[in-house]
Amino acid sequence: MSAHISSLLFHRKWILAVSLPLLIAAWWAFRPEKLWINQKVNEDAPFASSSAPQPLYTGRLQGEAHQTSGRATVFKAADGTQYLRLTDFSTSNGPDVHVLLGRSGDDNLKQEIVKGQLDSIELGSLKGNQGDQNYSLPVSANLQKYDAVVIYCERFHAVFGVAKLEQF
Amino acid sequence: MLSKVKVVLALAALAFTLGAQPSAGAQDTMKHEDGMKQNDGMKHEDGMKQEDNMKHGDMMPQANSGKALETGTFHGKVHSTSGRATIYRGEDGKLILRLTNFKTSNGPDVHVILVAAKDADDDANFLKSSTKRVELGKLKGNEGDQNYEVPTGTDLTKFQTVSIYCERFNANFGAAPLEKF
């Protein structure tokens, strides 16, 4: 009887000896507790200089009615004013071309020619169809709502290009 | 003695169920998680150049001490990775990768690497593929802003994608294709 018990004990010890290292190995490989544990960091920008304009939003321009390319970025200057800057910019020249802020979800922007009224904020006439250029933004401009830069030909209601702005 | 063994066995079983449950539950939640909308940023070649191009060259109002060279947003559905990756060049010529608004799932042995590819799929395995990569270091945190030094001499025209890469499982948690800022 006692021999039976001791053999049972021996058997269980074996199970333990095999299963425990397996468990530890499984834990090490998957580290399941990390699913609950977040490791937050908050490093400063590598070249912190508060006097320089900070980019807030940026996006690539995509051509619609005309080939348009480049980057549109909204900067915030040290004095708090915001402006839009176009870089590597190129579009086709045209009559009465303007820079607008529109809504990226606006169906009008998905067509080449706008049929209805475009819900937008006017930023001014396009200064040049190529090259870097800045446009100041109205203080009231809500960039959460108007989250797209539109290169727009007023005369023909043609959308030359759109850039969806995303948080920088 | 026997009861002692029983207790240890019970504890082991408990530990196992605790360990096994979350990984099964995690797969469920991850499926519901919506990945970040990817910005493809299609590049257009400008073939149709008109003769009377008006060139314009506004200067940046103030020179920055660190210049942003390239930027891109993360996409990664399986491990819900999101945020922005930007490479800066300092006045000393050093390249720094900075992650902002960054979020990914925590995991074992996660690294930040640059890969010589235009983009990377979820769970892409760079160890088996011939894709060249540059190691930037262990991921400092699965949330928050963080900086990584890029080795001098790294060819950014070749290494175009930032990847959050789990070495242990050879899985790409998320990738950010970089484009000129």
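**Figure 1. Overview of chain B in the predicted model.** Chain B has one helix and nine strands. This is a predicted model. Read from the N terminus, the elements of chain B follow the order α-β-β-β-β-β-β-β-β-β. The chain holds 181 residues, and 44% of them are buried. Among contacts in chain B with a separation of 6 or more, 65% join residues 24 or more positions apart. The accessible surface of chain B is about 9,900 Å². Carbon and sulfur atoms account for 54% of that surface.

**Figure 2. Overview of chain A.** Chain A also shows one helix and nine strands. From its N terminus, the order is α-β-β-β-β-β-β-β-β-β. Of the 168 residues in chain A, 46% are buried. Residues 24 or more positions apart supply 61% of the chain A contacts with a separation of 6 or more. Chain A exposes about 8,700 Å². Carbon and sulfur atoms make up 57% of this exposed area.

**Figure 3. An aromatic pair between chains A and B.** Five aromatic pairs turn up in a search of the whole structure, over all chains. In one of them, the ring centres of Phe75(A) and Phe181(B) are 6.3 Å apart. Their planes meet at 75 degrees, which is over the 60 degrees required, so the pair is edge-to-face. The pair crosses between chains. Phe75(A) belongs to strand E2 (residues 69–76) of chain A. Phe181(B) is in the segment after strand E9 (179–180) of chain B. Are Phe75(A) and Phe181(B) buried or exposed? Both are buried. Ring pairs also bring in Tyr83(A) and Phe168(A), giving a cluster with Phe75(A) and Phe181(B).

**Figure 4. Charged side chains over aromatic rings.** Two views are described here. In one, the charged end of Lys127(A) sits over the ring of Tyr135(A). The distance to the centre of the Tyr135(A) ring is 4.9 Å. In the other, the partners come from chains B and A: the charged end of Arg168(B) sits over the ring of Trp28(A). Here the charged end is 3.7 Å from the ring centre.

**Figure 5. His75(B) and its polar partner.** His75(B) is in the loop between strand E1 (67–73) and strand E2 (82–89) of chain B. Its relative accessibility is 10%, under the 20% limit, so His75(B) counts as buried. Which side chain does the side chain of His75(B) contact? The partner is Asp119(B), in a polar contact of 2.8 Å between the two side chains.

**Figure 6. Buried cysteines, no disulfides.** How many disulfides does a search of the whole structure find? The search finds zero over all chains. Cys153(A) has a relative accessible area of 1% and is therefore buried. Cys166(B) counts as buried because its relative accessibility is 1%.

**Figure 7. Asn108(A) in a loop of chain A.** Asn108(A) is in the loop between strand E4 (97–102) and strand E5 (120–125). With a relative accessible area of 15%, Asn108(A) is buried. A polar atom of its side chain lies 3.5 Å from the backbone oxygen of Gln117(A). Leaving out residues up to four places away in sequence, Asn108(A) touches Val114(A), Lys115(A), Gly116(A), Gln117(A), Leu118(A) and Val159(A).

**Figure 8. Glu179(B) in strand E9 of chain B.** Strand E9 of chain B contains Glu179(B). The relative accessible area of Glu179(B) is 15%, so this residue is buried. In sequence, Glu179(B) and Leu69(B) are 110 residues apart. In space, their C-alpha atoms are 8.4 Å apart.

**Figure 9. Lys140(B) and its contacts in both chains.** Lys140(B) lies in the loop between strand E5 (133–138) and strand E6 (146–150) of chain B. Is Lys140(B) buried or partly exposed? At a relative accessible area of 32%, Lys140(B) is partly exposed. The side chain of Lys140(B) reaches the backbone oxygen of Asn147(B) at 2.3 Å. Not counting residues up to four places away in sequence, Lys140(B) touches Gln39(A), Val41(A) and Glu43(A) in chain A, along with Gln146(B), Asn147(B) and Tyr148(B) in chain B. Lys140(B) and Val112(B) are 28 residues apart in sequence. From C-alpha to C-alpha, they are 9.1 Å apart in space.

How values were computed. Residues numbered from 1 in each chain as written. Chains lettered and ligands numbered in written order. Predicted model: local features only at pLDDT ≥ 70, side-chain atom pairs only at ≥ 80, totals over all residues. Heavy atoms only, no water. Helix = DSSP H or I, 4+ residues; strand = E, 2+ residues; numbered from the N terminus. Buried < 20%, exposed > 50% of the residue type's maximum accessible area, 1.4 Å probe, protein only. Contact = heavy atoms within 4.5 Å. Areas by Shrake-Rupley, 256 points an atom, 1.4 Å probe, with all protein chains shown as cover. Phe/Tyr/Trp six-rings, centres within 6.5 Å; stacked < 30°, edge-to-face > 60°. Lys NZ or Arg CZ within 6 Å of the ring centre and 35° of its normal. Polar contact = N/O pair within 3.5 Å; in protein donor to acceptor, adjacent residues only side chain to side chain. Disulfide = S-S within 2.5 Å.
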